[in-house]
Amino acid sequence: MSEHLPIERRHDARFALKAAVSMRLPGEPRTPGRLLDISRTGCRLMTHRPLATGTGFWLMVGNLEPRFCHIVWAHERFAGARFAVELEAPALKRLTEEFSPLSERDAAELQALSAKCSQLARSATGGSAADHLATLADDCEAEAIAFAAARQRERVEELLKRLSVAGD
């Protein structure tokens, strides 16, 4: 999909991505995770294990040089991280071009993530983690809806093209 919508809830635009990442906490081996979205200042992740707020770690994604990050919020397997050094605009552009095209399966996964985050937000004991999870749920839902709308436009355009060729 060539069209994707930036999610603008923070100072910088966020871009939904589907990218496998590696994370390395000091003194520990790398662990896998999944990048859900990214901005110049940070990202949201789904991890294979819970991380504590304030935890520092190295993030490796794509061809980007490893970035040191700090967890600013976390709940179960979801976390928000802030980059120690802002991501440069050209690097962000390369990542969004490489990882942002979503598939039908990705859209379905976003719907499932939205439902999971909504459920976790309702069960969280309030505070910023619940707010962050609710925002992540909304963002996943919005990206899935945008994807579905774009796919529908593509199908209509294709149908119109076929009808115009058939009418000639």
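Me: What joins S2 to S3, and through how many residues?

Reply: A hairpin makes the link from S2 to S3, with three residues in it. The model is predicted: local features need pLDDT of at least 70, side-chain atom pairs count only at pLDDT 80 or more, and totals for chains, interfaces and linings use all residues. Residues are numbered from 1 along each chain as its sequence is written, and side-chain values use heavy atoms, with hydrogens and water left out.

Me: What makes a stretch of the chain a helix or a strand?

Reply: Both are DSSP runs, numbered from the N terminus: H or I over at least four residues for a helix, E over at least two for a strand. The chain has three helices and six strands. Their order from the N terminus is β-β-β-β-β-β-α-α-α.

Me: How do you know that S2 and S3 pair?

Reply: Two strands pair if DSSP finds at least two bridges between them. S2 (residues 31-38) and S3 (residues 42-47) have five bridges, so they pass; the sense is antiparallel. Glycine 33 has threonine 47 as its bridge partner in S3.

Me: What about S1 and S2: how many bridges are there?

Reply: Seven bridges join S1 (residues 15-24) to S2, again in the antiparallel sense. Valine 21 faces glycine 33 of S2. The two strands form a hairpin with six residues between them, and glycine 27 in that turn has a positive phi of about 80°.

Me: In what order do the six strands close into a barrel?

Reply: The order is S1-S2-S3-S6-S5-S4, with antiparallel pairing. On average, neighbouring strands of this sheet are turned by 45° against each other, direction ignored. For such angles, axes are lines fitted to C-alpha atoms (for helices over the stretch in contact), and values run from 0 to 180 degrees between N-to-C directions.

Me: Why is S2 called mostly covered?

Reply: Seven of its eight residues are buried. Buried means under 20% relative accessible area, exposed means over 50%, and partly exposed lies in between (1.4 Å probe, protein chains only). Over the whole chain of 168 residues, 45% count as buried.

Me: Why does alanine 115 count as partly exposed?

Reply: Its relative accessibility is 47%, between the two cut-offs, so partly exposed is the label. Alanine 115 belongs to helix H2 (residues 104-123).

Me: Why is the pair of tryptophan 58 and phenylalanine 68 called edge-to-face?

Reply: Rings of Phe, Tyr and Trp (its six-membered ring) pair if their centres lie within 6.5 Å; planes under 30 degrees apart are stacked, over 60 edge-to-face, and the rest tilted. This rule gives one aromatic pair. The centres of tryptophan 58 and phenylalanine 68 are 5.2 Å apart, so they pair, and their planes meet at 70°, so the pair is edge-to-face. Tryptophan 58 is in S4 (residues 56-61) and phenylalanine 68 is in S5 (residues 67-75), 10 residues apart. The two residues also stand opposite each other across the strands.

Me: Are tryptophan 58 and phenylalanine 68 buried, exposed or partly exposed: which label fits?

Reply: Tryptophan 58 is at 33%, so it is partly exposed. Phenylalanine 68 is at 25%, so it gets that label too.

Me: How do you know that the buried residues of H1 line one face?

Reply: Ala91, Leu92, Leu95, Thr96 and Phe99 are the buried ones in H1. Seen down the axis, they fall within an arc of 130°, so they line one face of the helix. The arc is that of the directions from the helix axis to the C-beta atoms. On the other side, Pro90, Arg94 and Glu97 are exposed.

Me: What covers the buried residues of H1?

Reply: The cover includes S1, S2 and S4. Contact means heavy atoms within 4.5 Å. H1 (residues 89-99) lies across those three strands, at about 105° to S1.

Me: What is notable about phi of glutamate 76?

Reply: Its phi is near 50°, a positive value in a residue other than glycine. Glutamate 76 sits in the loop between S5 and S6. At 42% relative accessibility, it is partly exposed.
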